[in-house]
Amino acid sequence: MDVFTGKRQVRMMRRVTFIWILFFLIGLQLYAQRISNVRFEPFGRAIRIHYTLSRLPFDSFAALNLFVSTNGGESFIGPLVQVQGEIGKVAGNGEKSVVWQVMDEIGRLEGQIVFELRGEVWTGGTMGRLCEGKNEFFI
């Protein structure tokens with residue numbers, strides 16, 4: 001009878017350990033840094049892209065790159081080079097904006113336009129993946 005009790009205890013401990021690990025992983029995902037609310041507008045001969053960066057720890061920064069797709073997100077061009085604003089090494093949370101000189105970089109822009117921001121978070125010399133943000137528009 002003691003043998004069965006020991007096996008039951010081992011199974012119960014495995015289940016409890018699995019549940020704790022699951023809660024830990026869910027908690028990490030819920031606190032992950034995010035790029036959200038990506039939107040864009042014409043800005044003279046350029047395009048201004050707005051986005052929100054959130055959950056970035058105060059002692060870290062995001063290394064962001066901007067990409068564009070003209071086929072609905074099937075493939076992307078980039079990282080784009082002719083950009084100014086809050087791109088590259090970005091610190092702090094909140095609303096950010098980038099101006100892309102589209103005419104200087106690729107000339108004509110038409111199709112199903114999708115912008116995507118990709119990046120990594122750097123904290124204390126270590127790097128982690130940052131969730132990507134995108135938005136699309138038809139031209």
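A surface patch, as the term is used here, consists of residues with over 30% relative accessible area and no salt bridge, nonpolar side chains being joined within 5 Å. In this predicted model, such a nonpolar patch is formed by Met12, Val16 and Trp20, which together expose about 330 Å² of accessible area. Val16 belongs to helix 1, spanning residues 2-30. Its relative accessibility is 33%, so Val16 counts as partly exposed.

The description now turns to the sheet. Strands of a sheet pair through backbone hydrogen bonds, either parallel or antiparallel. Here, four strands make up an open sheet, arranged in the order 1-2-6-4 with antiparallel pairing. Strand 1 (34-43) and strand 4 (83-85) occupy the edges; each has a single partner strand, and therefore one side of each lacks a neighbour in the sheet. From one strand to the next, the twist averages 25°.

Within this arrangement, strand 2 (residues 46-54) and strand 6 (residues 94-100) run antiparallel and are joined by seven bridges. One position can be followed across the pair: Ile47 has Trp100, in strand 6, as its bridge partner.

A further residue to examine is Ala63, located in strand 3 (residues 60-69). Because its relative accessibility is 21%, Ala63 counts as partly exposed, the buried class being reserved for values under 20%. When neighbours within four places in sequence are set aside, Ala63 is in contact with Gly88, Arg118, Gly119, Glu120 and Trp122. For one of these residues, Gly119, the separation from Ala63 is 56 residues in sequence, while the C-alpha to C-alpha distance in space is 5.2 Å.

Definitions and conventions. Residues numbered from 1 in each chain as written. Predicted model: local features only at pLDDT ≥ 70, side-chain atom pairs only at ≥ 80, totals over all residues. Heavy atoms only, no water. Patch = residues over 30% accessible without salt bridge, like charges linked within 9 Å, V, L, I, M, F, W, Y side chains within 5 Å. Areas by Shrake-Rupley, 256 points an atom, 1.4 Å probe, with all protein chains shown as cover. Salt bridge = Lys/Arg side-chain N within 4 Å of Asp/Glu carboxyl O. Helix = DSSP H or I, 4+ residues; strand = E, 2+ residues; numbered from the N terminus. Buried < 20%, exposed > 50% of the residue type's maximum accessible area, 1.4 Å probe, protein only. Contact = heavy atoms within 4.5 Å. Pairing = 2+ DSSP bridges. Axes fitted to C-alpha atoms, helices over the stretch in contact; angles between N-to-C directions.
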